[in-house]
Structure formats: structure tokens, C-alpha cells
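Here's a quick tour of a two-chain model, written for someone who likes to check things in a viewer. Load it up and follow along.

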Amino acid sequence: MAEPRLPRSLPRGECAIKASTKEPGTAAPAVELAGITKRFPGVVANHDIHLTVHRGTVHALCGENGAGKSTLMKILYGMQKPDEGTITLDGEQVTLHTPADAIGRGIGMVHQHFMLADNLTVLENVVLGAEKLHGIGNKARAKIKEISDAYGLGVRPDVLVEDLGVADRQRVEILKVLYRGARTLILDEPTAVLVPQEVDALFDNLRELKAEGLTVIFISHKLGEVLSVADDITVIRRGTTVGTAVPSETTPKQLAELMVGEELPSPETRESTVTDVPMLTVDGLHLSATDSDGVVRAVLDGIGFTIHKGEVLGLAGVEGNGQAELVEAIMGMRTPDAGTVTLDDADITKAPTRKRREDGIGYIPEDRHRHGLLLEAPLWENRILGHVTERPNSKRGLLDSKAARQDTERIVREYDVRTPGIEVTAASLSGGNQQKLIVGREMSHQPKLLIAAHPTRGVDVGAQAQIWDQIREARREGLAVLLISADLDELIGLSDTLRVMFRGRLVADADPATITPEELGSAMTGAASGHLEHTEEPTEDSNEREGGDSE
Amino acid sequence: MKRLDKNKLILGFAAPVLAIVAALAITSIIIAATGKDPFHAYQVMVDFGSKSDSQIWIVNKATPYYLSALAVAIGFRMNLFNIGVDGQYRIAAFFAAVVGGKLAFPGIVQIPVIIIVAMLVGAMWAGLAGLLKVTRGVNEVISTIMLNAIGASVIGYFLQDGRLAVKEGNLIHTPYLPDSAHFFEIPTQPKPVYGFVVVAALAGVAYWFVLNRTRFGFDLRTVGRSESAAQASGVSVKRMVITSMLLSGAIAGLVGMPTLLGVSYNYGTDFPTGIGFTGIAIALLGRNNPVGMALAALLWGFLERTGTQLEFEGYAQEIVGVIQGVIVLCVVIAYEIVRRYGLKAQQRKVGEELAAQAGNSDKAEVSA
């Protein structure tokens, strides 16, 4: 069918884009969702969603975490069936029962978490499940080459996936979808795992796809990215579409307000509260682990830093570079081979986890389902978890379920945990509300040190602001915080000191007052080390600065 | 909130009712398939089971079953499958009988000594499996079943004339306990009920209290629900594995005591075996709940008692075994179905209530 072709290379979100949205063209839109409603256990329901995506455009679907973007895309990809509403593809109303239906109609999805087999080659991964299309041999290889060249993906078919970096894996995922004949690609939060330089490369790929007449639906909650790459924007708030925007006519602030329905909170920390009293000192920490191939390697190597009272130390790094192991070593869940951990002048290197918690370490774990909650237990038992020896949960070895219940009611109230009661299981709450419960629980025991791993991941904007406020307030009262986050804006905005972790080592440090996400990003990929200056003057004193000088 | 509680109550009853109805239906079909009248069989069972001597027999039978189920349930509550209660109670009863036979203290000392020896031996035997699990990563199912075999061999070695046992006619057994070691009986007609039923009841209360009301119990249940969350919360999972195996073994040590202190007064080749496995079925049936397991133990006793009577009425003797198996399966399946349904229903409900709230506040915003 005839598609309204766009000029090949587009500048970032300028007038040409606007033109394309103003005249929808003669052909029917590639995707049209009307009146979609979906009730889904535990999270905000999708109700009355309207979305129109024109062929040959990049359409951003944006909204805060938990607004219902992913649910909507699962509906479009046939993974969920809508309770009401219609899906129209290229002018034809369809019912999608399975992802196979969606693929058959030219819709492909690139998931946030990659679905690739590490021990297979790129070629094998691409043909897996699609052997009938072009076989598994040279014909398939030629096809992959052809697609790769056509869209500038730069995929090499014969390398093992395990040897690829995150950005390359993502391109393989995109290629996999194209190989199956997709004309409309859904990318679910594709930039969450990328550093800024990789994001730019991805956007170039997307423009390439668009220039070839493909349609991209791009899910994101990052305003800057949305404005730079999208032709049209649809905003979802609380499960419903609240408006559309044209990037060239929209400022980030307007878009943010549309997303949130109120003023956008900022993670920025104003005045410094850093003292010179050390709260946590880690020195010479070394940890070896055996990886899946049986090779022993150092996952933590010579880690040393100090967090003072009232200081937030932000740890940047691509996931899997030792951050999780560092947290577990500080929590006493892993025993390091060498090094010491000192909390408030007491050596806790050998202390068990419970002692460390009693001594005042609060812990917001990265994976709340694995480490932070008992999913099948009621909320009030989850409130006890991790603090069973402390008041109000127990007295002299006996549980005080009445006091624990009362305190759970308080946390639910003060931390705005949306739940019909405290007897429901943790599994029935949405992710954001589970997180609020955890934050409330950890803050209720006046921690001296808070280890916050991705504290606002999957949390809606209102709760995000609240969690930031909680951290800031406690910091003012002398709390030391170890903050780990993939959200570089959060990291830069909240931290007093920044460190970058790469392959188990602290390779760089930076001043959050001047650093940009791009500069931080290059250190995260190992391209830069030492003290990161905004003026790009890498020096070699990576262990010297402890952050006391950022006042 | 109130409505949720009401639902919870209904769901709580739904599972056992569903299980009983399903089990009755299936056994009826099976009995009918053997060419007999199932309803007559139930009539016989109820009539015979409700006789007073049957009732006493059932209670006496249920006492060790209940203790065995408690021992298994401690493991279940933290995701450990202690399949070795059988070996633990036998080796515990054996050494308790040996020690008791050599001592002659007054009853107030003698009986506690025997019981403590039994609990210690049981705990040690189970503790071996715990130790193997935390140090070498040996699965407790494998190690406890092996320890059952080893325990039987150890008993077989010592239970010989001239070693730790004496010969009496065709039977070989440990020397008789002195009279002071005889546990009290509850004088009922036509036969007495073992006094150990009181100990079993106390053990049930202690089980409930420790698991539900103490920090230790919370830690134990936490490990059972999520090992990773337990570890992050500060529970030493390894220590908890050892402790719970020790506890489970100690309770297992009590299983042989009603027989040893109330009936046989020695450990011989005719000492009852297999109670440890019955305990697994009863723990499953009673859903690890102290009251539920008591009812399950009584039901088990009832089925065994009335099964013999069915034989006289011309029913196949295997029918009781089939009924027992069907009941356990039905209960396990019914509870799992109801649990999943309950969880889903709750999630849906929470989702709906929150959506309704959100809807209301949206409208409020619009009108404001």
C-alpha cells in the first residue's frame, strides 16, 4: 500500500515531523487503538485508551512508571486480551490472541529484557523459531546481512551472543524482529540499559528504520529522549491517554506536566549536609566468585570509599559490574576474601547480617521480590521482615503482632501505600506500592546508613518524589546513603559524591554539581577513568577524593 | 476489609469441603468398580468406628501419628522435606529403651531421662542430615532416606542377644524398663488411653506457639517462604536449616514414646515401623496446622480401625489404603486450587478497589 514517505534524514524533531503529523496521509494508520480497557490484577487498569500511529513515523508512548504503557503494548502484541476496545491495523480491525498473531500481522516487539540465548551465535538466535523463513544456513546469513546493511545495524551473524555488549544485543533483538517481517516495531524502554552514547546510536538506527518506511512505537518515560527522537507523542497517565503532543511545539516542561498532571519533581539536592564524621568506611574489599564457566575471577577488587554522616554517595555503573556484590558484601550476605567494613567506628567485617541491620543499616534491595518481600505473606508480616528483633515488632523474643499491625497501618498511611488493608498479601500490590512499603519499613528504624539500590525503579512519579524527599530529609539528620541507580539524573541529582564502578573496581569519581550524564556514561563503559572533570581532563587520582569537598 | 475476611473464611472452608466431596466421590467409584456397594461400606465404617473401644483404639493410634506429623511439619514450614522421621524415631526409641533398661530411678527422674535421651538421639540423627546439607549441599531428601536405612542397620546390629538385647522366645528385645518408667494412663472403659496423648497435645500447642508467636518461628517461616528474602533480612539460613532439623528430629524422638512407655516397655523386633511415613501423609492432610494435623491423625486412625471391619464384610482389604491415598491427593490438590484462586481473587479485588479509588480522584480533579 502507499505510504507517506518521509524525507530521508531528519534533523531532531523539526518542522518536517510536524508536517507528517498534521496530514495523516491517504493511507490508514499503521496502528489504531480505540477505547481499549483492561483490568489487570494489582496495577492501574488501562481504561479508554486511544492511540493512532501513522506509518513511517516514530511514535513515542510516554508516561510515568506504572501508568500502563507496558500493559497497552502487551495488548497490541497479543500477550494480553483487552476487555473492551478495538485494535485496527492498516485499516483492518483485528483480534490478536497470541504474539504469533501479532508477528503474522507485522508487529514485532523488542522487550526490555533481552530474550537471547547467550551460548548461541547471532545467526542461531535470529533463526531460532523462524527456521521456516530462510532456513538456518547461508540463505539466512545473507538475509541477516541484507537487513543489517539496509538499516545500518552492523550486526555480525557469526559471533556468539555472550561476546556482545548490551547495545549490540539490542540490535540483534531488533534484527530478530525485522527478520520475521515486522513492519511495526514496539520498543519497550529500549534506553533503560544503555549509556548516553549508545542511546544516540540507537536513535540513529531508529531514524534509519523510519526512513525505510517502518513504524516504530517507542516506550519511554525519559522526556529528553522522547522529544529528540519522536515524530508524535502520546501521553498516558493513570492508565488512560491524556493527550498527544508534537515534539517541535512542546517543551520538556509541558510534556512533563502532561505526564504527571502536576509539577515535575526534581531529584536535585540543594544545600549540602555532608559532615566530616565517617559513617561507613570500606577498605580494600576483594571478592572472588566462580562464573558459569568455572573460571574464578574478582568481582570486587580493591574497593575503598568512605561515606560521611549526611552524605549521599552515588555509585554509577552499567549493571553487572559488581554493584550487587558490593551491596551484598556490605550487608553481610557475602563474605569478602579481604578488606574491612567499618560502620560508625565499629568494625563489622565479620558481623552477621542481622547484627548489621540492628546496628542501623537500612536496605532497599535491587530486586524487591527476591530480597525485600515475602510475596505470599500479608503486609504486616512484610513490615516485620528484616526487623524482627526490633520494636515494635517484637518484645523479648515474642512477636508483638498487634503493635506490628498498628505500625503497618501507620506506614501505609504516611508513605501512601495504596492498599485496601494490611491483611492482603504483598503480591497483590503494584510494584510502586510494594516499594513504598519497603522504603517506609526501612526508614522506620532510624537507619544510620541506607543502602538504596534503584530505590525508585518502577515507582510512579509522585512516589518517586516522596522517596527522594525521605532520603533528603534523613540525610539532613545525618543519614549516610549509598545510592545505586541506573537513572543517571537521579544519581547526579541526589548524590554529594559520585563514583563509577567498572568490572569490579571503582575507576572514576566525579562532582555531581558539574558532571553531565554523557561524561558519566563514558566512564561507565570504561572509556574514561580517574577524576572526571567537566572540562574533560582525566587525571589518575581515582582513590584520592572522598567527597568531603563538595560543599 | 470485613468482606475480605469473610471471603477468607469461605475460602478456608472451601478447601476441606472440596477435598472431602472429591475423595468420597472417587472412593465410591472405586468401591463400586469392585462390584460392592460403597454406601454400605461407609455405613459399616461409621458404625464400627463410633464404638467406644474403637474410639480408644483410634486415639491411641493417632497419638504417635500426630507427633510424627509435627516432626515432618516443622521441616515443611521451612521447605525442608524430612523424610527420615521414620529412622529418627526408631533409633531414638531404641537407645532410649537401652538407657532406660539400664537405669532404675524413681519415675519422676526415670521417665524424663528416657524421653530426653530419645529426643537427643532423634535430634542428632536428623542433625546429621542438616549438617550434610549446609556443609556439603546434600539434599535432605536423599540424606534422610539414607539415614533411615543406616539407622535400621545400626538397630539390627545392636538388637542381638548378647549385645544390647535379650532373647525371649522368638522375640529379641532390649531389657524391660523398670516399673517406674511406666507412663500414666487415662482410665477409660473398656481400655485405657495412653497418657502420652497429653504430651502430644502439649507438643501441638508448643508447635503453634513457637512458629506463630516467636521471633524464631517468624525466621523459620521466612526461610520457608523465601530463602533469599530471609537471608537479606538477616536470618542465617544455614543455621536455621540445622536448628530446624534438630527440632524436627527431637520431636521425632517422641514418636516411639507412647509405645515404649505405655505398651511394650522395651524395643524389640516387633516395635512398630513406618509411622514416620504416615506422618508425612498426615502433615500434608493437616496442612501443617496443629489442629488440622490432629484431625488428620484421628481420621487416619479411624480408617485403619474400620478397614479391618470392612474385610469381614467382604470388601477388598486394600480399599482403606486406596481411600487414604485418594484423600491425601484430593486435599493437596484442593488446597492448591483454592490457594491459587484466593490469591488471584485478592489481586483482582485490590486492583479493582484501587482502580475505583483512582477513578474517583480523577473525577474529583476534573470537577475541581
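## Membrane annotations on chain B

Over residues 111-132 of chain B, what are the helix and strand percentages, and how far apart are the end C-alpha atoms? That stretch is 100% helix and 0% strand, and its end C-alpha atoms are 32 Å apart. Bear in mind that this is a predicted model.

Why pick that range? The unreviewed UniProt entry for chain B annotates residues 111-132 as a "transmembrane region", along with 56-76, 88-105, 141-159, 193-211, 246-267 and 319-338. Have a look at 193-211 of chain B too: here the chain is 84% helix and 11% strand, with 29 Å between the end C-alpha atoms.

## Chain B overall

Zooming out, chain B has 14 helices and four strands. Its C-alpha atoms fill a box of roughly 95 × 55 × 35 Å along the principal axes. Of the 368 residues in chain B, 43% count as buried. If you take the contacts in chain B with a separation of 6 or more, 76% of them come from residues 24 or more positions apart.

For a single-residue stop, try Asn79(B), which sits in the loop between α3 (52-77) and α4 (85-102) of chain B. Is Asn79(B) buried or partly exposed? Asn79(B) counts as partly exposed because 14 other C-beta atoms lie within 10 Å, whereas a buried residue would need 20 or more. Asn79(B) also gives an example of a long step in sequence: Glu140(B) is 61 residues away along the chain, yet the two C-alpha atoms are 10 Å apart in space.

## Where the chains meet

How many residues of each chain are in contact with the other? On chain A there are 42, and they touch 30 on chain B. On the chain A side, the elements that give two or more residues are α12 (353-358), α13 (368-372) and β18 (398-399) of chain A. By class, that side breaks down into 22 nonpolar, twelve polar and eight charged residues.

## A covered strand in chain A

Now over to chain A and strand β7 (residues 184-188), where five of the five residues are buried. Both faces of β7(A) are covered: Thr184(A), Ile186(A) and Asp188(A) are buried on one side, and Leu185(A) and Leu187(A) on the other.

Which strands pair with it? Strand β6 (residues 107-110) of chain A runs parallel to β7(A) over four bridges, with Gly108(A) partnered by Leu185(A). Strand β8 (residues 215-220) of chain A is also parallel to β7(A), this time over five bridges, and Thr184(A) stands opposite Thr215(A) in β8(A). To get from β7(A) to β8(A) the chain goes through helix α8 (residues 196-211) of chain A, making a right-handed β-α-β crossover.

## The seven-stranded sheet

Further along chain A, seven strands make an open, mixed sheet in the order β16-β19-β20-β13-β21-β22-β23. Its edges are β16 (361-364) and β23 (530-532) of chain A, each pairing on one side only. From one strand to the next, the twist averages 20°.

At one of those edges, β22 (residues 505-510) of chain A runs parallel to β23(A), joined by three bridges. Asp509(A) stands opposite His531(A) there. Two helices are worth finding here. Helix α11 (residues 323-331) of chain A packs on the sheet, touching β13 (312-316), β16, β19 (449-453), β20 (480-484) and β21 (497-502) of chain A, with its direction at about 150° to that of β19(A). Helix α19 (residues 517-524) of chain A lies across β13, β21, β22 and β23 of chain A, running at about 35° to β21(A).

## The four-stranded sheet

Chain A also has an open sheet of four strands with antiparallel pairing, ordered β12-β11-β14-β15. Here the edge strands are β12 (296-308) and β15 (346-347) of chain A. Strand β14 (residues 338-343) of chain A is antiparallel to β15(A) over two bridges, and Thr342(A) has Asp347(A) as its bridge partner.

Helix α11 of chain A turns up here as well: α11(A) packs on this sheet, touching β11 (278-290), β12 and β14 of chain A, at about 65° to the direction of β12(A). So, when you view α11(A), check its contacts with β19(A) and with β12(A).

Key
Residues numbered from 1 in each chain as written. Chains lettered and ligands numbered in written order. Predicted model: local features only at pLDDT ≥ 70, side-chain atom pairs only at ≥ 80, totals over all residues. UniProt positions renumbered as here; feature names shortened; annotations may be inferred. Contact = placed C-beta atoms within 7 Å. Nonpolar A, V, L, I, M, F, W, Y, C, P; charged D, E, K, R; others polar. Pairing = 2+ DSSP bridges. Axes fitted to C-alpha atoms, helices over the stretch in contact; angles between N-to-C directions. Buried ≥ 20, exposed ≤ 12 C-beta atoms within 10 Å, placed from the backbone. Right-handed = clockwise from strand over helix to strand, strands pointing away.
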